[in-house]
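Subject: Handing over a structure

Dear colleague,

I am passing on a structure that you have not worked with before, and I would be grateful if you could look through it alongside the notes in this message. Please keep it open while you read.

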Amino acid sequence: MFFLRENYRHPEFQVGIRDFMRPAPGIAAWGLMTGVAMVKSGIGLFESLLMALLVFAGSSQLASIPLILAGAPLWVIWATGFCVNLRFVVFSLHLHHYLAHLPGWQRVMSGYFTADLSYVWFVRRYPHPSGDGAGKLAQQAYLAGSNLMNWGSWVGSSLVGIALANLVPQSWGLGFAGILCLIGILCSLATTRLRLLSAAVAGLVGVAAFALPLKLNIIVAIGAAVILCMSMEKLRPPVPEVAGS
Amino acid sequence: MMDINWHTVVIVLGLTVVTVLARGFFLFSNRTWSLPHWAQRGLQYAPIAALAAVVVPEVVMVNGHLMDTWKDARLYAGIVGAAVYFWRKDVLFTIVAGMAVYMPLHVGLGW
């Protein structure tokens with residue numbers, strides 16, 4: 001967490017901030033348009049501010065807006081938010097390997113502040129959890145640095161978007177920068193053929209099952225892609241262990 | 001002065017709890033979760049699948065249906081954005097190039 005001295009005094013904290021300069025503009029553009037979209041949809045200024053400051057999850061914020069306006073029941077809105085956020089459950093499982101040494105509230109707070117991009121940047125710099133204390137500290141400091149950049153650019157730009165809501169025409173479609181940001185991350189994850197297959201299957205199923213309620217098309221798509229890729233893995237012939245060639 | 005809809009405030013607070021629950025899911029317990037092999041393999045494919053499941057409908061669908069025209073700026077911006085990523089390996093380039101395609105088509109031609 002970025003407000004802890006042991007993190008923000010660590011050199012890796014600066015590295016985390018510097019590395020995150022790259023995706024920050026895309027996040028800011030998305031946050032800006034989310035801020036505009038919240039106010040323009042008519043959910044109210046105070047409610048928009050509260051959402052920007054607390055919810056801190058663009059996809060579930062954007063998914064909830066039409067449901068709020070349609071007067072959907074509370075549980076449907078929350079369940080939709082959780083389904084859209086399900087990828088974070090997977091992230092948290094992975095992050096536990098890096099954060100297990102921390103006290104509970106620090107683990108949960110670190111999880112809360114770790115969004116899509118700061119997670120991706122973190123595991124790219126540190127593919128494996130460190131075994132020693134100094135390494136663990138460096139890793140948590142890096143995560144804190146990139147999380148601060150991520151949080152700052154998201155919340156800051158959301159607030160600007162809320163303030164400017166009446167000046168930027170929604171017809172410009174600046175919100176698409178957020179989708180482009182996600183496309184970039186998606187491509188950066190496509191490092192193996194099976195991962196590419198996973199993306200293709202999930203994309204197809206996500207579209208084909210779009211009519212499912214609660215945004216369950218996302219869950220169905222993830223399930224189908226993961227199951228298919230794991231079965232494909234089993235079908236591949238085992239790598240021969242012959243030291244010949 | 002400000003007209004606060006407390007029902008919406010409750011929804012927002014609930015969504016905050018949802019974020020904390022999802023992002024902290026396995027972090028609440030101190031137990032070191034040792035993942036079974038299948039789950040470790042699944043982790044290889046789940047994140048990219050989740051992104052694709054969110055992104056692809058945003059690029060090819062209109063109001064819950066597959067787009068029925070080629071005149072849609074998102075399609076071309078998405079393709080260019082992805083191509084530029086594989087060329088320059090940089091998310092910022094993807095956003096800039098994608099928006100450079102998107103804005104003229106969307107604002108200029110109304111696609």
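What follows is an account of the contact between the chains, and then of some places within them.

Please bear in mind throughout that this is a predicted model.

The contact between the chains draws on 78 residues from chain A and 66 residues from chain B. On the side of chain A that touches chain B, the largest share, 13 residues, is supplied by helix 11 of chain A, which covers residues 176-189. Sorted by character, the residues on that side of chain A comprise 52 nonpolar, 20 polar and 6 charged.

Helix 11 of chain A also packs against helix 4 of chain B, where the two axes lie 8 Å apart and meet at an angle of about 135°. Because of that angle, helix 11 of chain A and helix 4 of chain B are oblique to each other, and the crossing of helix 11 of chain A and helix 4 of chain B is right-handed. From helix 11 of chain A, the residues that make this contact are Phe176(A), Ala177(A), Leu180(A), Cys181(A), Ile183(A), Gly184(A), Ile185(A) and Ser188(A), while helix 4 of chain B contributes Val91(B), Thr94(B), Ile95(B), Gly98(B), Met99(B) and Tyr102(B). Within the contact of helix 11 of chain A with helix 4 of chain B there are 10 nonpolar and 4 polar residues, with no charged ones. When you follow the spacing of such positions along a helix, it may help to recall that an α-helix has 3.6 residues a turn, so residues three or four places apart point the same way.

Another helix to look at is helix 8 of chain A, residues 104-113, whose buried residues are Arg107(A), Val108(A), Met109(A), Ser110(A), Gly111(A) and Tyr112(A). These buried residues of helix 8 of chain A pack against helix 7 (86-99) and helix 10 (133-164) of chain A, and also against helix 1 (6-24) of chain B.

Two residues stand out for their backbone angles. Phe56(A), in the loop between helix 4 (45-55) and helix 5 (58-69) of chain A, has a phi near 50°, which is a positive value in a residue other than glycine. Phe56(A) counts as buried because it has 22 C-beta neighbours inside 10 Å. Lys89(B), which is not a glycine either, has a positive phi of about 55°, and is placed in the loop between helix 3 (73-88) and helix 4 (91-108) of chain B. With 12 other C-beta atoms within 10 Å, Lys89(B) is exposed.

Finally, there are two residues of chain A whose surroundings I would point out. Lys215(A) sits in the loop between helix 12 (193-208) and helix 13 (216-235) of chain A, and it counts as buried because 23 C-beta neighbours lie inside 10 Å. Although Lys215(A) and Thr80(A) are 135 residues apart in sequence, their C-alpha atoms are 6.0 Å apart in space. Setting aside neighbours within four places in sequence, Lys215(A) is in contact with Ala63(A), Thr80(A), Cys83(A) and Val84(A). Leu159(A), by contrast, belongs to helix 10 of chain A and is partly exposed, with 17 other C-beta atoms within 10 Å. Its C-alpha atom is separated by 29 Å from that of Leu95(A), 64 residues apart from it along the chain. Not counting residues up to four places away in sequence, Leu159(A) touches Gly35(A) and Ala52(A).

With best wishes

Conventions
Residues are numbered from 1 along each chain as its sequence is written. Chains are lettered from A and ligands numbered from 1 in the order in which they are written. This is a predicted model: local features need pLDDT of at least 70, side-chain atom pairs count only at pLDDT 80 or more; totals for chains, interfaces and linings use all residues. Two residues are in contact if their C-beta atoms, placed from the backbone, lie within 7 Å. Helices (H or I, at least four residues) and strands (E, at least two) are DSSP runs, numbered from the N terminus. Ala, Val, Leu, Ile, Met, Phe, Trp, Tyr, Cys and Pro count as nonpolar, Asp, Glu, Lys and Arg as charged, and the others, Gly among them, as polar. A residue is buried if 20 or more other C-beta atoms lie within 10 Å of its own, exposed if 12 or fewer, and partly exposed in between; C-beta atoms are placed from the backbone. Axes are lines fitted to C-alpha atoms, for helices over the stretch in contact, and angles run from 0 to 180 degrees between N-to-C directions. Angles under 35 degrees count as roughly parallel, over 145 as roughly antiparallel, 65 to 115 as roughly perpendicular and the rest as oblique. A crossing is left-handed if the near helix is turned anticlockwise from the far one by less than a right angle, and right-handed if clockwise.
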